[in-house]
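Hi there,

Here is the structure I promised to send over. Have a look at it first, and then read on for my notes.

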Number of protein chains: 2
Amino acid sequence: MSATPQDQAATVSLDGAMFIGAERVTGDGAEVRSVNPQTGDALDPPYRYGGADVVDRACRLADEAFDDYRATSPGQRAHFLERIAHHLTAATDALVERAHLETGLPTARLTGEVARTTGQLRLFAEVLREGGWYGARIDPALPDRAPQPRPDIRQLRIPVGPVAVFGASNFPLAFSVLGGDTASALAAGCPVVVKAHDAHLGTSELAAHAIRAAVTEAGLPDGVFSLLIGDGPILGGRLVRDPRVQAVGFTGSRAAGLALSQAAAERPEPIPVYAEMSSINPVVLLPGALTERADALATGFVGSLTLGAGQFCTNPGLVLAVADAGLDAFLRSAAKRVESDAGATMLTPHIARSYRTESAAVAAHPEVTVLARGTAADSAAPGQALLMSVSGEAFLADPGLQREMFGAAALVVRCDDLSQLTEVLRGLEGQLTATVHTADSDLDRARALLPLLERRAGRVLFNSWPTGVEVGHAMVHGGPYPATSDGRSTSVGSLAIDRFLRPVSYQDVPEALLPAPLRDDNPYGVPRRVEGKLTSE
Amino acid sequence: MSATPQDQAATVSLDGAMFIGAERVTGDGAEVRSVNPQTGDALDPPYRYGGADVVDRACRLADEAFDDYRATSPGQRAHFLERIAHHLTAATDALVERAHLETGLPTARLTGEVARTTGQLRLFAEVLREGGWYGARIDPALPDRAPQPRPDIRQLRIPVGPVAVFGASNFPLAFSVLGGDTASALAAGCPVVVKAHDAHLGTSELAAHAIRAAVTEAGLPDGVFSLLIGDGPILGGRLVRDPRVQAVGFTGSRAAGLALSQAAAERPEPIPVYAEMSSINPVVLLPGALTERADALATGFVGSLTLGAGQFCTNPGLVLAVADAGLDAFLRSAAKRVESDAGATMLTPHIARSYRTESAAVAAHPEVTVLARGTAADSAAPGQALLMSVSGEAFLADPGLQREMFGAAALVVRCDDLSQLTEVLRGLEGQLTATVHTADSDLDRARALLPLLERRAGRVLFNSWPTGVEVGHAMVHGGPYPATSDGRSTSVGSLAIDRFLRPVSYQDVPEALLPAPLRDDNPYGVPRRVEGKLTSE
């Protein structure tokens, strides 16, 4: 299939090449094109997979760029991020148009996603200038201490080195080439090598142009950023095994995330992998809430479930409640809304097929009842909402019912009582989010559940819905395995910069050689701990 | 061999049992005794290895204790740590006497180590009360934000769960049962299950008594602390694979650390392992420093090399310098001092044998010259200082020369010039420390080396020696692989609490249910970031 004339309009500036630093390079491997999921048409231009040579060149450039790049001041890096945001904003129309063709996501949503992506870059610029991320600490010398004097010891977090980033299909901007992983790694002072997602190669190329423009303007070394195109397992594996790569950011499937984690663990020098993988985001509807507002809960739930064809990491795929009249009312209302859902185009025909397979497997379970199906979208990648239920006992008996169905499918677990509901929660794998809906009468029940929710999830929500992840200082988009491969961090929000830093102590290092944030005069004015006490001096 | 009458005096209160929470349990496996490394005599009492049942019971208790323990206020946990320190201090004489029998370390050093251990506990008490470790963040709701209101989002770091700790042989107090890993995990709110080191079982039992007394006084759940005795790979493997264990702290050999890391990575739910393993701690002697003070450098170097029979993780095992008259003078002086070293008893006969094997292998290398040997100690575990040299070219040609020789052996690399010295540094594995000795004339040379040293080590020292690790806020005792399995943290100093925490977001959680540090009234008065800005309110 070839591109339609309409498609061509959006691809006029695309030439199908990778970016090895500033150099445009076309691979010598298989040809690959993104596909319009609405029509099934392959889009121009054609791209080609790169081999071992492009990985080697990009990583060598990144490693060579590292010391110069990390030597920039936080103000310089903040300005660099802001310039990337500027160039992204300037390219909004082209990005949105191309991303819409490649992903089927509505243009309004994609316009919002450009703003989210630039907002994220600007957030890290703000974080850089504030300076708390340095984790600067000073324990001054105590020359008169007995029995031995104490040396001068200062601590700072430094960037880990070049970072490999694997973007997700479901956010072609905010979790892709210039998404949170890239923004936080660049903020930390790490050069980045991105593997473009095959599903939105043109969007990736446009985003790469924005960052290349900023690299050139800022006079930064070329190796600060490269964009590679290649077979996921092959090129991705090479990238993770490259000895110059020091950390990995990934958002995608559990299988792919685990493969990268394993490759990283088997290196002669293992490195951290931050893989955001799978989550079914349990939502607990407590009895008081169901009694009080079953219909409103159903409206909110189905809205969250079907948003973006259900293609959110935080999609509410599991609902837990005690079987009672309130739950029955909720299910009736939710079923009606699911049935009237028109369906939407999914990101790729492959994702739509996987969704059908995964959700059909759950629907075919002998203990599972299908409550409602929406209309399948008229599309080459049709999404179709699906609502099912199962008893608490049956859910507990089969861990396979915890499988993620990436799309607008949810399973409602009808529990006998709160004790069984608690048991179900206890048996869940790690999650990105856990939500509770309460009435005033539910507060003690919620209080009893909270410790369990904290242990199972990276974010606990009350009376809201897990889709919609704020980019801010307090956000955690992470959680215990298998929601992520490393529950100690977040992939969204300003705390993400921590992923790409490690602390170093400087003992009796002469003032002239100390990193600026540790010098007595604190030229960047960063907050520091002196003898353990926070100070802004 | 049985214990001498003198040995018995120190063991009067020891009964050879494990602690499964408050319960004293004797294993049903092989009998094991610590050995007096000076005499080779096995010490009373006999201990016995435990099997799968004790791991299961200790981990179940720890898991059951977790929610109650983490619900304690930081002030309560601080008081608990201080009471442990109190009981340790009260047991100083017995601890020092027993540890001396079991390790051969001088009593003055061991007395200092008790103080270091109690100081460490008190440091974490101080950290707990200050509250910065919570990482509290608040992004208040913005109900009027367009196009969508922002929910109230708050973030806090919570403890990860039960922690397994494996102590080291070389610090029977400060890196063992109540060492840094245990202190930081307990501070974080994590119950701890320790596997006692076979080399100092009596010291371990005495330390466990101190913590049990504090647990009882504080009315904490029994499962907060257990002490197991067992075969390292077997019981250790079981402990790391237990699904209730959520993190591991380890100090010891590279082989054992890698085995535990691999076991943790292969779990159905992988967990973080903080293993401190091997480091040869390069020391660079720059030309100006050698010209100015070769003899003083030799004195300092040999003092650091032979301290504690060289049994420090930070022992300076590798010296790098440009071959010139200054280096010759340094080597003559260092050789004389090594030759006059009387040797000391090593920790165990096994460690002494390993040291002889490892150092003999380096000495037998065809390109290595033995410059000086000290006297072997008259002991069942004899230490013997050893100074060797090799050319930069030969060192670069054989990565095997980077092997750790745990003991008082060092290899001096005679480089042709600074360029070759830089190449040698570049080829080194990750290290706990990297040291540079400079004169004023060396500052530019040192400046050029610094980025490389930062990338290779967790702590960079100028004009001092790496042995002696301050317990403070600014210390990093960590570093890139294989110095540790996770270079993002430290095993010494207050930052170590970070290892056992992970962030959780609370979205629209009612004030009454929020964790105290996130409530509007901030009852503990912890520092927080509100909209990203640090505040003490």
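Let me start with a charge over a ring: in chain B, B:Arg77 sits over the face of B:Tyr69, 5.8 Å from the ring centre. Please keep in mind that this is a predicted model. Another arginine in chain B does something similar, as B:Arg24 lies over the face of B:Phe19, with 3.9 Å to the ring centre.

Staying with the rings, I counted aromatic pairs too, and the total over all chains is 16. One cluster you may like to look up is in chain A, where ring pairs link A:Phe171, A:Phe175 and A:Phe312.

Now to the interface. How many residues does each chain bring to the contact? Chain A gives 70 residues, and chain B gives 70 residues as well. Between them, chain B and chain A bury an area of about 5,900 Å², and carbon and sulfur atoms account for 53% of that area. On the chain B side, the residues that lose the most area to chain A are B:Arg455, B:Arg488 and B:Leu513; together these three make up 13% of what that side buries.

There is plenty to look at in the polar part of the interface too. Salt bridges between chain B and chain A come to 12. One to bring up on your screen joins the side chains of B:Asp486 and A:Arg488, at 3.2 Å from N to O. Polar contacts across the interface of chain B and chain A add up to 46 residue pairs, counting those where both residues have pLDDT 80 or more.

Last, a word on the cysteines. How many disulfides does the structure hold over all chains? The count is zero. As for burial, A:Cys415 has a relative accessibility of 0%, so this residue counts as buried. B:Cys415 is buried too, because its relative accessible area is 0%, and the cut-off for buried is under 20%.

Enjoy browsing, and do write back with any questions.

Best wishes

Note on methods. Residues numbered from 1 in each chain as written. Chains lettered and ligands numbered in written order. Heavy atoms only, no water. Disulfide = S-S within 2.5 Å. Buried < 20%, exposed > 50% of the residue type's maximum accessible area, 1.4 Å probe, protein only. Phe/Tyr/Trp six-rings, centres within 6.5 Å; stacked < 30°, edge-to-face > 60°. Lys NZ or Arg CZ within 6 Å of the ring centre and 35° of its normal. Contact = heavy atoms within 4.5 Å. Buried area = accessible area lost by both parts, 1.4 Å probe. Salt bridge = Lys/Arg side-chain N within 4 Å of Asp/Glu carboxyl O. Polar contact = N/O pair within 3.5 Å; in protein donor to acceptor, adjacent residues only side chain to side chain.
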